[in-house]
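Work through the following exercises with the sequence and the model side by side. Try each task before reading its solution.

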Amino acid sequence: MEQTMSKNAKPLLMMKALVLAYAVTGILLLVLAFLLYKLGLGESQVNLGIMVIYILSSLLGGFYMGKKVKIRRFLWGMGLGVGYACLLTAVTFLMRGDMKEMALLFFLCTIGGALGGMLS
């Protein structure tokens, strides 16, 4: 018989997965800042690095979510990617006020979370 999680545990699990994804984002952004300082990376390289970090973080969060939920992992991973992208979009808009790359960011984070859920 398949074990299922209670309905109260899933929102808490989603919050844990989001915290994990944002912790990974913070650590990888610090590594990118160090590389920028030491290697003098250009603006296009830094922007590419930031996008890769966002994708990896949402993928890892979706993977964690899929491992814990075990049912409809694709959808839970996609939900995590959407939640990650929403908060990231809000913070980016408040800091820079620039929304031109936000659609791409939202799409990539959603796909990264869904892929993480599928791979779990």
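**Exercise 1. Place Leu 20 in the fold, and decide whether this residue is buried, partly exposed or exposed.**

Solution. Begin with the element: Leu 20 belongs to helix 1, where helices (H or I, at least four residues) and strands (E, at least two) are DSSP runs, numbered from the N terminus. Next take the relative accessible area, for which buried means under 20%, exposed over 50% and partly exposed in between, with a 1.4 Å probe and protein chains only. Leu 20 is partly exposed because its relative accessible area is 31%. Then look for partners in contact, meaning heavy atoms within 4.5 Å: apart from residues up to four places away in sequence, Leu 20 touches Leu 60 and Tyr 64. Finally, the C-alpha atoms of Leu 20 and Ser 58 are 9.3 Å apart, although 38 residues separate the two along the chain.

Before going on, note that this is a predicted model in which local features need pLDDT of at least 70 and side-chain atom pairs count only at pLDDT 80 or more, while totals for chains, interfaces and linings use all residues. Residues are numbered from 1 along each chain as its sequence is written, and side-chain values use heavy atoms, with hydrogens and water left out.

**Exercise 2. Describe the overall architecture and the confidence of the model.**

Solution. Counting elements gives 4 helices and 0 strands, which read along the sequence as α-α-α-α. Along the principal axes, the C-alpha atoms fill a box of roughly 55 × 25 × 20 Å. Of the contacts in the protein with a separation of 6 or more, 76% come from residues 24 or more positions apart. For confidence, use pLDDT, the predictor's score for each residue from 0 to 100: the average is 88, and 93% of the residues score at least 70. Among the elements, helix 1 (residues 9-39) has the highest mean pLDDT, 93, and helix 3 (residues 73-96) the lowest, 88.

**Exercise 3. Which residues touch the most other members of the largest nonpolar core, and which elements contribute to it?**

Solution. A nonpolar core is a set of buried Ala, Val, Leu, Ile, Met, Phe, Trp, Tyr and Cys residues joined through side-chain atoms within 4.5 Å. The largest one has 16 residues, of which Tyr 54, Met 65, Tyr 84, Leu 88, Leu 105 and Cys 109 touch the most other members. Two or more residues come from each of helix 1, helix 2 (43-69), helix 3 and helix 4 (102-119), and helix 1 gives the most, with 5 residues. In soluble globular proteins, nonpolar side chains tend to be buried together. For the protein as a whole, 32% of the 120 residues count as buried.

**Exercise 4. Trace the surroundings of Ser 58, Met 51 and Thr 89.**

Solution. Start with Ser 58 in helix 2, which counts as buried because its relative accessible area is 0%. Beyond residues up to four places away in sequence, Ser 58 touches Leu 80, Tyr 84, Leu 108, Cys 109, Gly 112 and Gly 113.

Move next to Met 51, also in helix 2, which is buried because its relative accessibility is 15%. With neighbours within four places set aside, Met 51 is in contact with Glu 101, Leu 104, Leu 105 and Leu 108. Its C-alpha atom lies 9.1 Å from that of Cys 109, with the two positions 58 residues apart in sequence.

Thr 89, in helix 3, is buried because its relative accessibility is 15%. Its contacts, again without neighbours within four places, are Met 99, Met 102, Leu 105 and Phe 106. To close the circle, check Leu 105, which touches Met 51, Tyr 54, Leu 88 and Thr 89.

**Exercise 5. Where do Lys 70 and Arg 72 lie, and what are their phi values?**

Solution. Lys 70 is in the loop between helix 2 and helix 3, and Arg 72 is found in that loop too. Phi is near 70° for Lys 70, a positive value in a residue other than glycine; for Arg 72, phi is near 55°, likewise positive in a residue other than glycine. Lys 70 counts as exposed because its relative accessibility is 63%, and Arg 72 is exposed with a relative accessible area of 63%.
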